[in-house]
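Ready for some practice in reading a protein model? Take a look at the sequence and the structure, then try each exercise before you read its solution.

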Amino acid sequence: MKDFTLDFDLKGDNYVVVVQPHESRGIEHYKAVLDEDHSIDYLLQGNGDLQPNADYAADPQLVNAIATRILQVVHVEDRGNGATSYP
């Protein structure tokens with residue numbers, strides 16, 4: 001998977017986050033780059049959750065919002081571009 005960008009609003013602030021996916025020893029990792037000094041690394045767990053590891057004291061709501069959006073992008077990619085889910 002290639003790098004992708006998340007663009008979203010949270011608590012009145014607009015965030016543009018570049019996510020750099022990579023794999024190490026068969027484990028998927030996602031690095032969310034907030035700016036040149038701050039990033040959050042996420043490790044994909046066996047149950048499908050993302051375990052965050054921020055390099056600073058990040059806002060927990062921001063950490064969760066990024067994780068949610070990463071999983072949305074990853075699941076759309078798994079199903080194929082333009083996939084639609086139905087309830």
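The exercises below use a predicted model.

**Exercise 1.** Find how the rings of Phe-8 and Tyr-15 are arranged.

*Solution.* Start with the search of the whole structure, which finds 1 aromatic pair. The ring centres of Phe-8 and Tyr-15 are 5.6 Å apart, and their planes meet at 25°. Planes under 30 degrees apart count as stacked, so this pair is stacked.

**Exercise 2.** Decide whether Phe-8 is buried or exposed, then do the same for Tyr-15.

*Solution.* Buried means under 20% relative accessible area. Phe-8 has 5%, so Phe-8 is buried. Tyr-15 has 22%, so Tyr-15 counts as partly exposed. Now look at the face of the Phe-8 ring: Arg-69 lies over it, 4.3 Å from the ring centre.

**Exercise 3.** Work out how strands β1 and β2 pair, and then how β2 and β3 pair.

*Solution.* First, β1 (residues 4-10) and β2 (residues 13-24) run antiparallel, joined by 7 bridges. Here Asp-7 faces Val-16 in β2. Their hairpin has 2 residues between the strands, and Lys-11 takes a positive phi near 50°. Next, β2 pairs with β3 (residues 27-35), again in the antiparallel sense over 7 bridges. Pro-21 stands opposite Tyr-30 in β3. In this second hairpin, Arg-25 has a positive phi near 55°.

**Exercise 4.** Describe the surroundings of Ser-39.

*Solution.* Locate Ser-39 in strand β4 (residues 38-44). Its relative accessible area is 10%, so Ser-39 is buried. Beyond its neighbours within four places in sequence, Ser-39 has contacts that include Lys-31, Val-33, Ala-54 and Tyr-56.

Technical notes: Residues numbered from 1 in each chain as written. Predicted model: local features only at pLDDT ≥ 70, side-chain atom pairs only at ≥ 80, totals over all residues. Heavy atoms only, no water. Phe/Tyr/Trp six-rings, centres within 6.5 Å; stacked < 30°, edge-to-face > 60°. Buried < 20%, exposed > 50% of the residue type's maximum accessible area, 1.4 Å probe, protein only. Lys NZ or Arg CZ within 6 Å of the ring centre and 35° of its normal. Helix = DSSP H or I, 4+ residues; strand = E, 2+ residues; numbered from the N terminus. Contact = heavy atoms within 4.5 Å. Pairing = 2+ DSSP bridges.
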